[in-house]
Amino acid sequence: DVTHVLPIIHTLRRFWPATKITWVIGNTEAKLVHGLPGVELIPVNKRPGWWSFIELRRQLAGREFDVLLHMQVSLRANLLSALVKSPLRLGFDRSRSRDLHGLFINRRIAEVRNQHVVDGFFEFLKAIGIQQRELDWSLPIPDEAHEFAERNLPADRPIMVISPCSSHAERNWPAEHYATVADYAIEQYGMGIVLCGGPSRLEQEYGRIITARMKNQAKNLIGRDSLQRLAALLTRADILVSPDSGPAHIGTCTGTQIIGLYAATNVQRSGPYLSREWCVDKYQEAALEFRHKRANQLKWGTKIEQKGAMSLIQPHDVISKIDAIMHRSTDKSVMISIPHTTK
């Protein structure tokens with residue numbers, strides 16, 4: 001959601017340049033957008049307990065804002081929002097509300113069915129009078145992160161980054177499938193393969209299995225990158241392969257072509273906004289197999305996080321997307337290299 005909010009921030013700054021923006025944001029996510037021009041960040045510790053409420057109350061003491069855009073519906077976010085003093089408290093429509101969200105707002109955005117999360121966030125700007133859109137996901141990346149990427153990525157070949165894990169285990173694709181896809185990218189296109197992810201035991205195990213199953217070599221950076229380092233790596237990557245996860249959306253920020261793996265969740269609601277055409281979409285098949293309904297018969301946003309759902313995606317589905325991206329890239333470079341002539 002933090003990456004989905006970036007176009008909202010950039011739109012506000014362009015069309016209401018005198019506006020002062022304060023963003024209450026999680027500690028971890030704040031590291032990703034630290035240094036964003038024209039934005040005051042107030043990081044919040046999202047661990048259980050009351051300390052985050054005490055600290056936010058201290059930081060907001062004596063302050064009042066003209067508008068609160070309450071763009072989260074979790075119970076924690078709802079309770080934290082009560083500490084923000086504002087006469088206009090704009091929140092979600094009833095169909096998207098939960099966890100007592102309506103008790104913490106006094107105005108709702110328009111109810112529009114079946115929107116992508118980004119489009120839903122733009123409804124907040126419409127409600128306060130901004131009709132324009134700035135589809136800009138740019139974020140600051142520190143020099144240290146760029147130096148890390150430069151040290152770890154080859155400069156003489158196209159790069160495919162694999163971020164294999166989501167925070168929801170049921171969204172994860174089998175590790176051996178990543179190995180098959182990685183070997184294909186190396187053998188067919190001479191790509192450099194880089195594995196990225198956090199330090200959790202599951203992610204470390206995924207990295208071990210992928211590299212063990214591969215016939216070729218991959219650079220395993222799982223546990224060594226950070227959010228900012230990942231962003232820097234992706235600025236140099238041609239393709240990112242990832243399930244529905246934060247890294248998939250960081251790829252949007254860096255302009256990377258993202259092959260998202262979607263079966264447990266709906267790509268039209270939460271897929272990487274600018275790369276939905278490259279995503280492998282098996283949500284319809286998952287709905288039929290595990291819910292015995294068509295996707296359009298399910299409530300918008302329904303998750304099918306069940307064992308076996310992601311196995312509906314096969315390596316050849318991802319390989320066909322790699323081929324399409326690489327062939328399109330080749331076609332474009334050929335067109336650009338043809339000199340103009342006159343008869």
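The radius of gyration is taken here over C-alpha atoms, and the rule for a globule is 2.2 Å times the number of residues to the power 0.38. With that rule in hand, the overall form of this predicted model is a good place to start. For 343 residues, a compact globule would have a radius of gyration near 20 Å, and the 21 Å found for the protein agrees with this expectation. Along the principal axes, the C-alpha trace spans about 60 × 55 × 50 Å. The protein contains 13 helices and 11 strands.

A look at packing and surface fills in this picture. Of the 343 residues, 49% count as buried. Among contacts between residues at least 6 apart in sequence, 57% join residues at least 24 apart. The accessible surface of the protein comes to about 17400 Å², and carbon and sulfur atoms account for 50% of this area. As for charge, there are 44 positive and 35 negative side chains in the protein. The centres of these two sets lie 5 Å apart.

Strand 9, which covers residues 239–243, invites a closer look. Five of its five residues are buried, so strand 9 is largely enclosed by the rest of the structure. The cut-off behind this reasoning is a relative accessible area under 20%. Both faces of the strand take part: Ile239, Val241 and Pro243 point one way, Leu240 and Ser242 point the other way, and all are buried.

The pairing of strand 9 can be followed through two partners. Strand 6 (residues 159–162) runs parallel to strand 9, and three bridges join them. Within this pair, Val161 has Leu240 as its bridge partner; Leu240 is also one of the two residues that share a direction from strand 9, along with Ser242. Strand 10 (residues 257–262) is likewise parallel to strand 9, to which it is joined by five bridges. Here Ile239 of strand 9 stands opposite Gln257 of strand 10.

Elsewhere in the listing of strands, an open sheet of three strands is found, with the order 3-4-5 and parallel pairing. Strand 3 (67–69) and strand 5 (107–108) stand at its edges, and each has a single partner strand, so one side of each is left without a neighbour in the sheet. Strand 4 (residues 88–91) is joined to strand 3 by three bridges, and the two run parallel. In this pair, the bridge partner of Leu68 is Arg89 in strand 4.

Key
Residues numbered from 1 in each chain as written. Predicted model: local features only at pLDDT ≥ 70, side-chain atom pairs only at ≥ 80, totals over all residues. Heavy atoms only, no water. Helix = DSSP H or I, 4+ residues; strand = E, 2+ residues; numbered from the N terminus. Buried < 20%, exposed > 50% of the residue type's maximum accessible area, 1.4 Å probe, protein only. Contact = heavy atoms within 4.5 Å. Areas by Shrake-Rupley, 256 points an atom, 1.4 Å probe, with all protein chains shown as cover. Lys, Arg positive; Asp, Glu negative; His and termini not counted. Charge placed at Lys NZ, Arg CZ, Asp CG, Glu CD. Pairing = 2+ DSSP bridges.
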